[in-house]
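Grab a pencil and work through the exercises below with the sequence and the structure side by side. Try each task yourself before you read its solution.

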Amino acid sequence: MHIEPGIVDGAKIVLSYATAGGAGAYALTMGWKHLKERGPGSMLLGTSVTTALVLVFFEILPHFPVGVSEVHLILGSTLFLLFGVAPAAFGLALGLLIQGMFLAPFDLPQYGMNLTTLLVPLFALQYVAARTIAPQTPYTALRYRQALTLSMTYQAGIVSWVGFWALYGEGLSGQTIASIATFGAAYMLVIVVEPLTDLAVLAGAKALERYKNDAWLEPRLFNPA
């Protein structure tokens, strides 16, 4: 989902600072709520684990350029279900930053766009999860249709933001629209794979049920809301 260098540049890139600032402010709000409810140890451990996982997702799992961006198996819904919205958001932000600083410095100017593209769909996923998963349903009891809804929310958000940045930077043209369409079509594969991954991870998480009262995992993983 990385926005390629040169798609948005010059004065236009200022907008990415504003959108990233808004997403970051909401992430901090969620972080403060997490600290009050689950403590600093949970936040630190959850963020450390999600950051490491994000780097694995970005650097080790298959990824390839398609159209205006790259297709990654980001597994944002998996991070959300296991650790909660705040650790997932901070892990995505820090993983992206570390990648830019040490592995792909050419991506740093696009950090605001990429951060927005990752975080805003995560917050949309949080909203959808709260309204589509019954309060008495722990996440380990999710069915494929529910996991698919979460994955579609996250991936559709990513494709929408990538499309927005491409149109904003390059203008409305047949070539740009074709590149966005190609990128969106490629992401259909992710939408198919990610719910299956979520269900497999949630099934495996049942082995961790003895830790259900530990603060480092999302409480909703094993318990009703």
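Q175 sits in helix 6, where helices (H or I, at least four residues) and strands (E, at least two) are DSSP runs, numbered from the N terminus. Before we start: this is a predicted model, in which local features need pLDDT of at least 70, side-chain atom pairs count only at pLDDT 80 or more, and totals for chains, interfaces and linings use all residues. Residues are numbered from 1 along each chain as its sequence is written, and side-chain values use heavy atoms, with hydrogens and water left out.

**Exercise 1. Warm-up with single residues**

Find out whether Q175 is buried or exposed, and do the same for H72.

Solution. Step one is the rule: buried means under 20% relative accessible area, exposed over 50%, and partly exposed in between (1.4 Å probe, protein chains only). Step two is Q175: its relative accessibility is 66%, so Q175 is exposed. Step three is H72, which belongs to strand 2 (residues 69-72). With 1% relative accessibility, H72 is buried.

Now add some distances. Q175 and A23 are 152 residues apart along the chain, and their C-alpha atoms are 30 Å apart. For H72 and R220, the sequence gap is 148 residues and the C-alpha to C-alpha distance is 27 Å.

**Exercise 2. A helix under cover**

Work out how many residues of helix 2 are buried and what covers them.

Solution. Start just ahead of the helix, at L75 in the loop between strand 2 and helix 2. L75 has a positive phi of about 60°, although it is not a glycine. L75 is also buried, because its relative accessible area is 6%.

Next, go through helix 2 (residues 76-83): eight of the eight residues are buried, so this helix is largely enclosed by the rest of the structure. Tick them off as you go: G76, S77, T78, L79, F80, L81, L82 and F83.

Then look for the cover, using contact (heavy atoms within 4.5 Å). The cover includes helix 1 (14-59), helix 3 (85-103), helix 4 (111-132), helix 5 (144-170) and helix 6. Finally, step past the end of helix 2 and you meet G84, with a positive phi near 100°.

**Exercise 3. Into the largest pocket**

Say which residues are closest to the centre of the largest pocket, then describe the surroundings of Q126.

Solution. First, the idea: rolling a probe the size of a water molecule over the atoms shows where empty space is left. On a 1 Å grid over the protein atoms alone, a pocket is an open set of points where a 1.4 Å probe fits, with protein on both sides within 12 Å along at least five of seven lines; lining residues have an atom within 4 Å of a point. Here the largest pocket holds about 520 Å³ of space. It has 23 lining residues, and K33, E37, V85, Q126 and E218 are the closest to its centre. Helix 1, helix 3 and helix 4 each contribute at least two residues to that lining.

Now zoom in on Q126, which lies in helix 4. Its relative accessible area is 19%, so Q126 is buried. Leaving out residues up to four places away in sequence, Q126 touches Y26, M30, F80 and V85.

**Exercise 4. Hunt the salt bridge**

Find which side chains meet in a salt bridge and where they sit along the chain.

Solution. The rule comes first: a salt bridge is a side-chain nitrogen of Lys or Arg within 4 Å of a carboxyl oxygen of Asp or Glu. By this rule you should count one salt bridge. It pairs the side chains of R38 and E218, at 3.2 Å from N to O. The pair ties together distant parts of the chain: R38 is in helix 1 and E218 is in the segment after helix 6, 180 residues apart. Check the burial too: R38 is buried because its relative accessibility is 14%, and E218 is buried because its value is 15%.

**Exercise 5. After helix 6**

Describe A225: buried or exposed, and which residues does it touch?

Solution. A225 is found in the segment after helix 6. Its relative accessible area is 74%, so A225 is exposed. Not counting residues up to four places away in sequence, A225 touches P135 and R220. Last, the C-alpha atoms of A225 and L79 are 18 Å apart, with their positions 146 residues apart along the chain.

Conventions:
Points joined across faces, edges and corners; volume = space filled by probe spheres on them.
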